[in-house]
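Colleague: I would like to check the wording of an annotation against its definitions. Please give the value and the cut-off each time.

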Amino acid sequence: MRKGKRRIMVSDLTRRQFLWHTSLVALARHAAAERKTVRVAGIVLKWIRGNKEMNYRRIEPLIREAAAGGAKIIVTTECFLDGYAIADKLIPLETYRALGEPIPTGPYFQRLARLADKLDIHLVAGMLESDHDLRYNTTVMLGPDGRLVGKYRKQFLEHEAVRNTAGTVSSVHPTPFGNVGVMICADRRDELIVRRFFENGADFLICPSGGMFGPKTNDPIVQARSRENKSYIVFVHPTEFLVTGPDGAILARTILGDRLLISPEEADDEQDQKRVFYFDLPLARERATSSH
């Protein structure tokens, strides 16, 4: 009897443990289903100018890290792939133009597309686009199936205009997390460019960048655009990750070093500060519901 009773007790305990574990799993799944945010990751990574292969090899492990960290939207800096080569006008024109590639048939675009597909992520990536004789400072959005969701061409060019062509549309990309506007760097300084994203239906903005950064020159501008449009902005730069809220408040900010550019020889040394940053962004439909 004692042995039999003991078997029953152990069996009963095992059953209770199983039910307890099952309940925890069900709660976790329910919490995931009820999640009101989307995790966005910004990859803060220094440029190596003009070296597409090295820049790609440096960023791929960080994209994988971001995906493993639960990010569903992963963002690079402006022109991460060519290292913002437009800044160096000493690069021969034909050498510069050769850094561009067509979208969606270019070789590095295809590598990024396969990576987005494999990791099941939305990937926002900056590169130099070639379109016949024209070159554009472009950011693409790839979907979790690796397909091109949309692309955005920088509109506010300034010094870039000697080699690049300006875009003309504040384009918005549909995702399961809302309509995403992607502006690039100096675009944030033009109130009209930014306003048009929201007129076109954007729920929030992502801003890959590579120019001014920090609290003195950059952050007040991004804060103002957030406040004017009552929207979140995620800003990703080789030295800064910044998120501003609908009231203009700074919700996340980290400055990572003071350099935008490194040489190939400096890769992985103390000058090469790089990191993945995360922010759980409230979904647009949840913000709309909570405002009523």
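Colleague: What makes you say that β3 is largely enclosed by the rest of the structure?

Modeller: Nine of the 10 residues of β3 are buried, so the strand is described as largely enclosed. Buried means under 20% relative accessible area, exposed means over 50%, and partly exposed lies in between, with a 1.4 Å probe and protein chains only. Strands here are DSSP runs of E with at least two residues, helices are runs of H or I with at least four, and both are numbered from the N terminus. This is a predicted model, in which local features need pLDDT of at least 70 and side-chain atom pairs count only at pLDDT 80 or more, while totals for chains, interfaces and linings use all residues. Residues are numbered from 1 along each chain as its sequence is written, and side-chain values use heavy atoms, with hydrogens and water left out.

Colleague: How do you know which strands β3 pairs with, and in which sense?

Modeller: Two strands pair if DSSP finds at least two bridges between them. β2 and β3 are joined by three bridges and run parallel, with Val-75 as the bridge partner of Val-124 in β3. Nine bridges link β3 to β4 in the antiparallel sense. Set against the minimum of at least two bridges, the three bridges to β2 and the nine to β4 both qualify as pairing. Gly-126 stands opposite Thr-139 in β4, and Thr-139 also stands opposite Tyr-152 in β5. β4 (residues 134–142) pairs with β5 over five bridges, again antiparallel.

Colleague: Why are β5 and β12 placed at the edges of the sheet?

Modeller: The open sheet of six strands has the order β5-β4-β3-β2-β1-β12, with mixed pairing. β5 (148–153) and β12 (275–282) each have a single partner strand, so one side of each is left without a neighbour in the sheet. Neighbouring strands are turned by 30° against each other on average, direction ignored.

Colleague: What makes you say that α2 packs on this sheet?

Modeller: Contact means heavy atoms within 4.5 Å, and α2 (residues 52–68) touches β1 (37–44), β2 (73–75), β3 (122–131) and β12. The direction of α2 makes about 40° with that of β12; axes are lines fitted to C-alpha atoms, for helices over the stretch in contact, and angles run from 0 to 180 degrees between N-to-C directions. The buried residues of α2, among them Met-54, Tyr-56, Ile-59 and Leu-62, pack against those four strands and also against α4 (107–119).

Colleague: How do you know where α2 bends, and how does its span compare with the expected one?

Modeller: The bend at a residue is the angle between axes fitted to the seven residues ending there and the seven starting there. At Ile-59, shortly before Pro-61, there is a kink of about 25°. The expected span is 1.5 Å times one less than the number of residues. With 17 residues, α2 reaches 24 Å from its first C-alpha to its last, close to the 24 Å expected.

Colleague: Why is Glu-101 called buried or exposed, and what does its side chain reach?

Modeller: Glu-101 has 2% relative accessibility, so it counts as buried. Glu-101 lies in the loop between α3 (93–98) and α4. Its side chain makes a polar contact with the side chain of Lys-52 at 2.9 Å and reaches the backbone nitrogen of Tyr-108 at 3.1 Å. A polar contact is a pair of N or O atoms within 3.5 Å; within protein, one must be able to donate a hydrogen and the other to accept it, and residues adjacent in sequence count only if both atoms are side-chain atoms.

Colleague: What makes Pro-104, Glu-158 and Cys-185 worth listing?

Modeller: Most residues other than glycine have a negative phi, and most peptide bonds are trans. The bond from Ile-103 to Pro-104 is cis, with omega near 15°. Glu-158 has a positive phi of about 55°, and Cys-185 one of about 45°; neither Glu-158 nor Cys-185 is a glycine. Glu-158 is in the loop between β5 and β6 (172–175) and, at 40% relative accessibility, counts as partly exposed. Cys-185, in the loop between β7 (178–182) and α5, counts as buried at 7%.
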